[in-house]
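Welcome! Let us walk through this structure together, one part after another, and see how the pieces fit.

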Amino acid sequence: MLDLVLPLECGGCGAPGTRWCPACAASLEVHTDEPIVISPRLDPGVPVFSLGRYAGSRRAAIIAMKEHGRTDLVGPLAVAVAAGLTRLLTWGVLETPLTVVPAPTRRSAARRRGGDPVTAVAEAAAVPGTAVVAALRMRAFTRDSVGLSPGQRQHNIAGRVRVRERVSGEVLVLDDVVTTGATACESVRVLQTAGVHVAAILAVAHA
Ligand SMILES: [Zn+2]
């Protein structure tokens, strides 16, 4: 079916004749010392882990999935997330039962594609003892950010994340790309305000 609507090329490197080539699969492999701890500029107050740099085939796959509707890349990215989650459980950073809460995505981008890709990756990862609850929602901008200082912009973004569903027990926030850490920070803050224990953040990539 997908062949009818999508050109058959690797979502990581563009190689023809495959949706996800062995080289790109290898580049997403989670090694024994991964995921790594990262320190985003804005500190959410819980450990932040990343599966790798936002570069190369990892970056291309995330963009293709999010921006170009390549839902066939959910699977390969979920394999990496599952490996990362399993590693964090093995290390004792996380415990089961665990609820995976996808970081909120901008509404417009997600709705256009008929679903949130980060949630799709989380659900496809399906690690035993974990459940996925899309508990966070990001509101559209309600205020024009033109003319605001960086601090005011930060504050503007901060008010946009809402808890829309109750979660209990230990929570891991899953994000696709952590850059400044603003979304991660705000996700953790609103969950903690709602009485949720956030154990860590796992990012598919960090920039
Ligand atoms: Zn490739």
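Two strands are said to pair if DSSP finds at least two bridges between them. Helices (H or I, at least four residues) and strands (E, at least two) are themselves DSSP runs, numbered from the N terminus. What you are looking at is a predicted model, in which local features need pLDDT of at least 70 and side-chain atom pairs count only at pLDDT 80 or more, while totals for chains, interfaces and linings use all residues. Residues are numbered from 1 along each chain as its sequence is written, and side-chain values use heavy atoms, with hydrogens and water left out.

Let us begin with the overall picture. The protein contains 8 helices and 8 strands. Of its 207 residues, 46% count as buried, where buried means under 20% relative accessible area, exposed means over 50%, and partly exposed lies in between (1.4 Å probe, protein chains only). Among contacts (heavy atoms within 4.5 Å) with a separation of 6 or more, 74% link residues 24 or more positions apart.

Now find strand β8, residues 197–206. With 9 of its 10 residues buried, β8 is largely enclosed by the rest of the structure. Strand β2 (residues 48–50) runs parallel to β8, and 3 bridges join the two; V48 has I201 of β8 as its bridge partner. Strand β7 (residues 170–178) also pairs with β8 in the parallel sense, over 8 bridges. Here V171 is the bridge partner of V198, and D175 is that of A203.

Stepping back, we can see the sheet to which these strands belong. Its 6 strands form an open sheet in the order β1-β2-β8-β7-β3-β4, with mixed pairing. At the edges are β1 (36–38) and β4 (130–132), each pairing on one side only. From one strand to the next, the twist averages 35°. Axes are lines fitted to C-alpha atoms, for helices over the stretch in contact, and angles run from 0 to 180 degrees between N-to-C directions.

Helices come next. Helix α3 (residues 56–67) packs on the sheet and touches β7 and β8, its direction making about 105° with that of β8. Helix α6 (residues 117–125) packs on the sheet too, touching β3 (98–102), β4 and β7, and its direction makes about 155° with that of β3.

Helix α8 (residues 182–193) joins β7 and β8 in a right-handed β-α-β unit. Right-handed means that, with the strands pointing away from the viewer, the path from the first strand over the helix to the second runs clockwise. Within α8 lies E186, which counts as buried at 6% relative accessibility. Leaving aside neighbours within four places in sequence, E186 is in contact with A158, G159 and V161.

Which protein atoms hold the zinc ion as donors? They are the SG atoms of C10, C13, C21 and C24, lying 2.2 to 2.3 Å from the ion. Donors are N, O and S atoms within 2.8 Å of the metal (3.2 Å for Na, K and Ca); water is not among the atoms, so sites may look incomplete. In sequence, these donor residues are spaced C-x2-C-x7-C-x2-C. The 4 donor atoms subtend angles of 105 to 115°, so the arrangement is tetrahedral, a label given to four donors if all angles lie between 85 and 135 degrees. C10 is buried at 2% relative accessibility, whereas C13 is partly exposed at 47%.

Notes
Tetrahedral: all angles 85-135°; square planar, octahedral: opposite > 155°, others 65-115°.
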